[in-house]
Amino acid sequence: MSLDALYQEIILEHYKNPRNFGKLDESRAKAHYENPSCGDQIDLQILINDDNVVEDIRFQGRGCAISQASASLMTEAVKGKRLDEVEKIIESFTSLMTGEGEITVELGDLEALEGVKKFPVRVKCAMLSWTALKSLLEREKKS
Amino acid sequence: MMDLSRYRKDFPILQQTVKGRPLVYLDNAATAQKPLCVIEAVDQYYREYNSNVHRGLHTLSERATRAYEEAREKVARFIRAPRSEEIIFTRNTTESINLVAYTWARQFLKSGDAILLSEMEHHSNLVPWHLLREERQIELRFIPVTPAGELDLSQLKSLLDGVKLVAVTHMSNVLGTVNPVEMITAEAHAAGAKVLIDGAQAVPHMPVDLQAIDCDFYAFSGHKMCGPTGVGVLWAKSEILREMPPFLGGGEMIHEVFLDRSDYADIPNKFEAGTPNIAQAIGLGAAVDYLSEIGMDNVWRHEQEMAALAIEKLKSIKGLRIFGESAHRGAAISFEIEGVHPHDLATILDEQGIAIRAGHHCAQPLMRKFNVQSTARASFYFYNVPEEIDILVEGLKTAKRMFGYVT
């Protein structure tokens, strides 16, 4: 069953024990994203240091295994990375989900989410936290 | 248990496999499947007598007009409406409620008036009133929902003070609860308020007698009762319909048009501007014939038995919680399973050929009341059989196992 590809052990593990779950200092910018069709929610905060490195990142959310595991895996993937590397990770992960564009970096554990591609209605779930991250980074760039 | 399984063969769509398994369709509260007789009625209209109604003087048009108006009469008899001209064909329940909000309410409700709704309403019976409130100072009040998922009517009398319209659902699409609409209507009338009932989940599943309910407006959809999509019904008392301004302007709804003004047609045409959904209305007429042949008493009895059996078997799953415990209920059953999100449940069930709904069911305020984002919902119709409950329960156990829980 392709379900096994969707709900891989690592995804269920991150769903049950999300990494980087919680809040940063209230003063940090926050991105709140919701999928209106299903109600999945994500709150994301990020701390970027003077060397343009993601020093810390936290999320809070409610939702399905795919949306919450994707958020958890995302925080692990980008924490400690330079912003230009983070952008490449975002692009590559988006390619993994949509089949368009190129995968230019090693995605590591994130590859466990590849199975989502076969369930088009669930791609939105997997992308929720990534949309939040993109908008946070754009805001950080402007400020 | 009442056996209506012989009717399954009338539904071509139910004969298929999904993901290699026989389809188990448990999303009937969203839309019901169509029997062959309905599909053929629509097909026959397009093949044999497609033409416009009410204006052509040729054979096809006369036949189409007759079929369209017969459908109106069939629907009227089906819900015991006193007069068939009180049946207005719309697109769906949503449009029917909006019609009342845009015509009757905008004509007769003033700033300071109140509308009484309930906490278990579908968005289609909330948003039209929010839109009205953006235009004028209307107060919206809500009958609370108890933890068991019933309307708390203990304060109804005081809630009705100053209310001009009560708009409530006949049966909750989330909780399955059937509300005491006759009693609510009587109380509302005693307080001088008009009553609108959202019957989207009721008319498909139980005998509905509008003369017994005695409400003023009643709205429902064709597609949830074996009819085509794109046709719904607004029923209202004729004296109310006659004093309401038209909804949409155009052909069909006029008596006489001048360059600078027009006189409107009498009901029902006054509310059916433009070429109506002719094929769909004829299809709905066929659906009404079909349901009448089965007997709505039989449909209702079967579904109550199915609901009771499904709830009993679902409760055997550890960590499963059912929302709505009313004794007066239909077969729409919402639930959640601890540790497995409803969307994951829906995906895992779909892989086993089982169609359920997961989400907020267009009732976000009710979700908040129960402190959930979404629920899973299995909803049954007369063509569902007890074996499908067992398949659902096994499917849910599979989902739990996939997520690493013991079942």
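What follows is a walk through a predicted model, starting with chain A, moving on to chain B and ending where the two chains touch.

Chain A is built from five helices and three strands. Read from the N terminus, its elements come in the order α-α-β-β-β-α-α-α, with the strands sitting between two helices on one side and three on the other. How compact is chain A, given its 143 residues? Its radius of gyration is 14 Å, and the globule rule gives 15 Å for 143 residues, so chain A is as compact as a globular protein of that length. Put into a box along the principal axes, its C-alpha atoms take up roughly 45 × 30 × 25 Å. Of the 143 residues in this chain, 36% are buried. Contacts between residues far apart in the sequence count for a lot here: among contacts with a separation of 6 or more, 61% join residues 24 or more positions apart.

Two helices of chain A are worth a look as a pair. Helix α2 (residues 9-16) and helix α3 (residues 65-78) of chain A have axes that come within 8 Å and cross at roughly 85°. Angles from 65 to 115 degrees count as roughly perpendicular, and α2(A) and α3(A) therefore fall into that class. On the α2(A) side, the residues that meet α3(A) are A:I11, A:L12, A:H14 and A:Y15. Their counterparts in α3(A) are A:A65, A:Q68, A:A69, A:S72 and A:L73. Sorted by class, this contact has six nonpolar and three polar residues, with no charged ones.

One loop residue in chain A also stands out for its backbone. A:N52 is not a glycine, yet its phi is positive, at about 60°. The residue sits in the loop that links β2 (41-48) to β3 (54-62) of chain A. Is A:N52 buried or exposed? With 13 other C-beta atoms within 10 Å, A:N52 comes out as partly exposed.

On to chain B, and to a strand that is mostly tucked away. Strand β7 (residues 163-169) of chain B has six of its seven residues buried, so this strand is largely enclosed by the rest of the structure. Which strands pair with β7(B)? One is β5 (residues 114-118) of chain B, which pairs with β7(B) in the parallel sense over three bridges; here B:I115 has B:L165 as its bridge partner. Another is β8 (residues 194-198) of chain B, which runs parallel to β7(B) and is joined to it by five bridges. In that pairing, B:V168 stands opposite B:I197.

Further along chain B there is an open sheet of four strands, ordered β13-β14-β17-β16, and the pairing is antiparallel. Its edges are β13 (320-323) and β16 (357-359) of chain B, each of which pairs on one side only. On average, neighbouring strands in this sheet are turned by 30° against each other, with direction ignored. Between the edges, β14 (residues 332-337) and β17 (residues 375-379) of chain B are held in an antiparallel pair by four bridges, with B:F335 facing B:A376 as its bridge partner in β17(B). The sheet has a helix for company: α10 (residues 296-314) of chain B lies across β13, β14 and β17 of chain B, and runs at about 5° to β14(B).

Chain B has its own backbone oddities. The peptide bond from B:I267 to B:P268 is cis, with omega near 0°. B:P268 belongs to the loop between β12 (262-264) and α9 (278-294) of chain B. A positive phi turns up at B:C362, about 55°, although this residue is not a glycine. B:C362 lies in the loop between β16 and α12 (364-369) of chain B. It has 17 C-beta neighbours inside 10 Å and so counts as partly exposed.

Finally, the place where the chains meet. The contact draws on 13 residues of chain B and 14 residues of chain A. On the chain B side, the largest share, four residues, comes from helix α11 (residues 342-350) of chain B. What classes of residue does chain B bring to this contact? Eight are polar, three are nonpolar and two are charged.

How values were computed. Residues numbered from 1 in each chain as written. Chains lettered and ligands numbered in written order. Predicted model: local features only at pLDDT ≥ 70, side-chain atom pairs only at ≥ 80, totals over all residues. Contact = placed C-beta atoms within 7 Å. Nonpolar A, V, L, I, M, F, W, Y, C, P; charged D, E, K, R; others polar. Pairing = 2+ DSSP bridges. Axes fitted to C-alpha atoms, helices over the stretch in contact; angles between N-to-C directions. Parallel < 35°, antiparallel > 145°, perpendicular 65-115°, else oblique. Rg over C-alpha atoms; globule rule 2.2 N^0.38 Å. Buried ≥ 20, exposed ≤ 12 C-beta atoms within 10 Å, placed from the backbone.
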